[in-house]
Amino acid sequence: MSPEPTTPAQPDGSEGGHEPSHGPVDQPRGDHTPRTTETDDMTTPQNPEEPELDLVIPDDISSLLSPSSDPELAVLVTQIAGAEPLAAACSLAQLEIDAVPTEIGALAVLRDLSGDAPQRAAAAVSTLVKGVPLILLTRRGEQLSATRWQDGVEGDVLAPGLVLGGAPEELEDLVTGQTTVAELSGVVPSSGISRWKAMRLLTSTARKARKK
């Protein structure tokens with residue numbers, strides 16, 4: 001007796017005579033490269049051979065936008081004869097300065113350069129030395145500015161070139177950065193003069209000026 005014929009299996013595993021399933025077909029699994037999405041295109045470098053730059057963006061970039069408003073140097077150019085009397089006057093005014101002697105008058109190199117400290121120092125010293133003008137000279141980078149002060153009041157803005165034209169060598173060297181206060185001789189810091197000593201020095205100086 002001959003065996004009954006069998007129906008060959010279909011590719012989808014169903015037997016002949018049945019319609020194939022039209023449901024969703026699973027994608028084949030294997031080592032296939034996934035699709036590149038728009039996000040991938042944005043994060044993937046155009047040239048993989050280019051080295052990535054290690055960039056660090058600071059939180060505060062205000063210092064990159066404009067230079068600091070505080071000067072690098074502030075000097076009071078006075079007609080006071082002698083560094084010690086100038087240091088004494090600044091000591092009474094509670095100013096931290098280094099008094100530098102010159103042939104035409106002592107210089108007060110200010111230690112506090114923040115905010116309006118240079119202007120307050122000029123007002124204080126010019127108030128103590130009434131009737132005698134002084135000049136506040138400041139430097140910010142390569143920019144110089146000069147202002148006249150008298151009796152605690154700010155006066156005219158002066159051309160720095162004219163001020164430096166007849167300036168002593170010590171002032172020129174300080175402004176141009178060729179020297180520092182520590183390298184100058186005869187410097188008297190106001191912090192080394194007590195209030196009592198400052199009053200005695202100023203009284204003695206005033207008496208000598210009256211005798212002349």
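This is a short talk about a few strands, one helix and one cavity in the structure above.

Okay, hi everyone. One thing to keep in mind from the start: this is a predicted model. I'll begin with the strands, then move to a helix, and finish with some empty space.

So, find strand 4, residues 134–140, and strand 5, residues 143–150. These two run antiparallel, and seven bridges join them. If you want one pair to look at, take T138, whose bridge partner in strand 5 is S145. How many residues sit between the two strands in this hairpin? There are two, and G141 in the turn has a positive phi of about 65 degrees.

Now keep going along the chain. Strand 5 also pairs with strand 6, residues 153–158, again in the antiparallel sense, this time over four bridges. Here you can look for Q150, which stands opposite V153 in strand 6. This hairpin has two residues between its strands as well, and D151 takes a positive phi near 55 degrees.

Let's stop at one residue in strand 5, namely T147. Is T147 buried or exposed? Its relative accessibility is 11%, and the cut-off for buried is under 20%, so T147 counts as buried. And who are its neighbours? Leaving out residues up to four places away in sequence, T147 touches L134, I135 and L136, and also E154, G155, D156 and V157.

Next up, helix 6, which covers residues 169–176. Which of its residues are buried? Those are L171, D173, L174 and V175. A bit of background helps when you look at a helix: an α-helix has 3.6 residues a turn, so residues three or four places apart point the same way. Back to our helix 6: the elements covering its buried residues include strands 4 and 5, which we just met, plus strand 1 (73–77), strand 3 (107–110) and helix 5 (160–165). Right after helix 6 comes G177, with a positive phi of about 80 degrees.

Last topic: empty space. You find it by rolling a probe the size of a water molecule over the atoms, which shows where space is left. In this structure there is one cavity of 30 Å³ or more, and the largest cavity holds about 30 Å³ of space. What lines it? The residues are T78, Q79, I80, V125, V129, V132, P133 and L134. By class, that lining has six nonpolar residues, two polar ones and no charged ones. And notice L134 there: the same residue is also touched by T147.

That's it from me, thanks!

Conventions
Residues numbered from 1 in each chain as written. Predicted model: local features only at pLDDT ≥ 70, side-chain atom pairs only at ≥ 80, totals over all residues. Heavy atoms only, no water. Buried < 20%, exposed > 50% of the residue type's maximum accessible area, 1.4 Å probe, protein only. Contact = heavy atoms within 4.5 Å. 1 Å grid on protein atoms, 1.4 Å probe; cavity = no way out; pocket = protein on both sides within 12 Å on 5 of 7 lines; lining within 4 Å. Points joined across faces, edges and corners; volume = space filled by probe spheres on them. Nonpolar A, V, L, I, M, F, W, Y, C, P; charged D, E, K, R; others polar. Pairing = 2+ DSSP bridges.
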